[in-house]
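Welcome! Keep the viewer open and try each exercise yourself before you read its solution.

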Amino acid sequence: MTAAGTAADPATPVAVVTGASSGIGAATARQLAAAGHHVVLTARRKDRIEALAAELTAAGLQATAYALDVTDRAAVDAFARTLDRFPSVDVLVNNAGGALGADPVATGDPADWREMYEVNVIGTLHMTQALLPALTASGAGTVVVVTSTAGHATYEGGAGYVAAKNGARVLTETLRLEIVGTPVRVIEVAPGMVKTDEFATTRFRGDTEKAARVYAGVPDPLSADDVADTIAWAVTRPAHVNIDLLVVRPRAQASNTKVHRES
């Protein structure tokens, strides 16, 4: 663990959040910390998660930062061993992911597809496998996988991302079947149109004009806080209550391809 964090309190449940350097991950960390969890922030950008851990601890909340690439299995296993300092690990929020490009199948870049699959699916697999023993040992563990409505319906120009999020969705559903009877619940949260500082800009490789067009005219797209609120709500239900699937969209979005836009 880095120095950016607080000491472990044995009375505080521990929640690991991946992709916590920005957007939904950072917002989820803030809300789970406010709900009484010691949040362990992971992401590749060390400076971002250390700054967030400092923000939370300055507010009297409990947080620890750990720089991590979820696609690196050796690094994930090493991270899991550091969690032995905590009495238990109670929650894993698999949020790390993202989209690259919006090209049709005929011209899509296989490297983009591979990278999306590695982060969204293999990264989720790595983290879940590494932490599942501790989550089970906690006696009331929770695995959350943040997918997308893209994992539930296709749209033109989105096949690579749709395939990756579909994979994450299937992983989640299968895990729930395979571990039923254990003290671990498995929750999928599938957001629709969420306007964050980075998602669309990253997808379009820094083209801010193209990114802005995604949300043009849409009244009140979801914010990262909106999605984090649903994650925190699902996590804080009584341990016997499992929210199998929570689909959350802005009112202006009826489906992946049906969006109301004001001129």
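## Warm-up: a glycine in a loop

Gly-19 is partly exposed, with a relative accessible area of 21%. Please keep in mind as you work that this is a predicted model.

**Exercise 1.** Find Gly-19 and list what it touches, leaving out residues up to four places away in sequence.

*Solution.*
- Step 1: go to the loop between β1 and α1 (23-34), where Gly-19 is found.
- Step 2: check how open the site is. Buried means under 20% relative accessible area, and Gly-19, at 21%, counts as partly exposed.
- Step 3: collect the contacts. Gly-19 touches Gly-25 and Ala-26, then Thr-42 and Ala-43, and also Asn-95 and Ala-96.
- Step 4: try a distance. From Gly-19 to Val-93 the C-alpha atoms are 9.1 Å apart in space, with their positions 74 residues apart in sequence.

## The whole protein

**Exercise 2.** How many helices and strands does the protein have, and how compact is it for 263 residues?

*Solution.*
- Step 1: count the elements. There are 8 helices and 7 strands.
- Step 2: compare the radius of gyration with the globule rule. The radius is 18 Å, close to the 18 Å that the rule gives for 263 residues, so the protein is as compact as a globular protein of that length.
- Step 3: add the outline. Along the principal axes, the C-alpha atoms fill a box of roughly 55 × 40 × 35 Å.
- Step 4: look at the inside. Of the 263 residues, 49% count as buried.
- Step 5: ask how far along the chain the contacts reach. Among contacts with a separation of 6 or more, 74% are between residues 24 or more positions apart.

**Exercise 3.** What does the surface consist of, and how far apart are the mean positions of the positive and negative charges?

*Solution.*
- Step 1: take the accessible surface, which comes to about 11,900 Å².
- Step 2: assign it to atoms. Carbon and sulfur atoms hold 52% of that surface.
- Step 3: turn to the charges. The protein has 23 positive and 28 negative charges, and their mean positions are 3 Å apart.

## A helix with two faces

**Exercise 4.** Which residues of helix α3 (residues 73-82) are buried, and what do they pack against?

*Solution.*
- Step 1: pick out the buried residues of α3, namely Val-76, Phe-79 and Ala-80.
- Step 2: see how they are arranged. They cover an arc of only 100° around the axis, which puts them on the same side of α3.
- Step 3: look at the face turned away from that buried side, which carries the exposed residues Ala-74 and Arg-81.
- Step 4: name the partners. The buried residues of α3 pack against the strands β1 (14-17), β2 (38-43) and β3 (62-67), and against helix α4 (110-137).
- Step 5: move on to the loop between α3 and β4, where Phe-86 lies. Phe-86 is buried, with a relative accessible area of 6%.

## Around α4

**Exercise 5.** Is Thr-124 buried or exposed? Which residues does Gly-97 touch, not counting those up to four places away in sequence?

*Solution.*
- Step 1: find Thr-124 in helix α4. Thr-124 counts as buried, at 3% relative accessibility.
- Step 2: list the neighbors beyond four places in sequence. Thr-124 touches Asn-94, Val-119, Val-145 and Leu-171.
- Step 3: find Gly-97 in the loop between β4 (91-94) and α4. Gly-97 is partly exposed at 42% relative accessibility.
- Step 4: list the contacts of Gly-97, which are Val-119 and Asn-120. The C-alpha atoms of Gly-97 and Asn-120 are 4.6 Å apart, although the residues are 23 apart in sequence.

## Two backbone angles

**Exercise 6.** What is phi of Arg-205 and of Asp-220, and where do these residues sit?

*Solution.*
- Step 1: recall the background. Most residues other than glycine have a negative phi.
- Step 2: read the angles. Phi of Arg-205 is near 55°, a positive value, and phi of Asp-220 is near 55° too.
- Step 3: place Arg-205 in the loop between α6 (199-203) and α7. Arg-205 counts as exposed, at 55% relative accessibility.
- Step 4: place Asp-220 in the loop between α7 (208-215) and α8 (224-235). Asp-220 also counts as exposed, at 65%.
- Step 5: finish with a long distance. Asp-220 and Asp-90 are 33 Å apart, C-alpha to C-alpha.

Conventions
Residues are numbered from 1 along each chain as its sequence is written. This is a predicted model: local features need pLDDT of at least 70, side-chain atom pairs count only at pLDDT 80 or more; totals for chains, interfaces and linings use all residues. Side-chain values use heavy atoms; hydrogens and water are left out. Helices (H or I, at least four residues) and strands (E, at least two) are DSSP runs, numbered from the N terminus. The radius of gyration is taken over C-alpha atoms; the globule rule is 2.2 Å times the number of residues to the power 0.38. Buried means under 20% relative accessible area, exposed over 50%, partly exposed in between (1.4 Å probe, protein chains only). Contact means heavy atoms within 4.5 Å. Accessible areas come from the Shrake-Rupley method with a 1.4 Å probe; for residues, only the protein chains shown count as cover. Lys and Arg count as positive and Asp and Glu as negative; His and the chain ends are not counted. The place of a charge is taken as NZ of Lys, CZ of Arg, CG of Asp or CD of Glu. The arc is that of the directions from the helix axis to the C-beta atoms.
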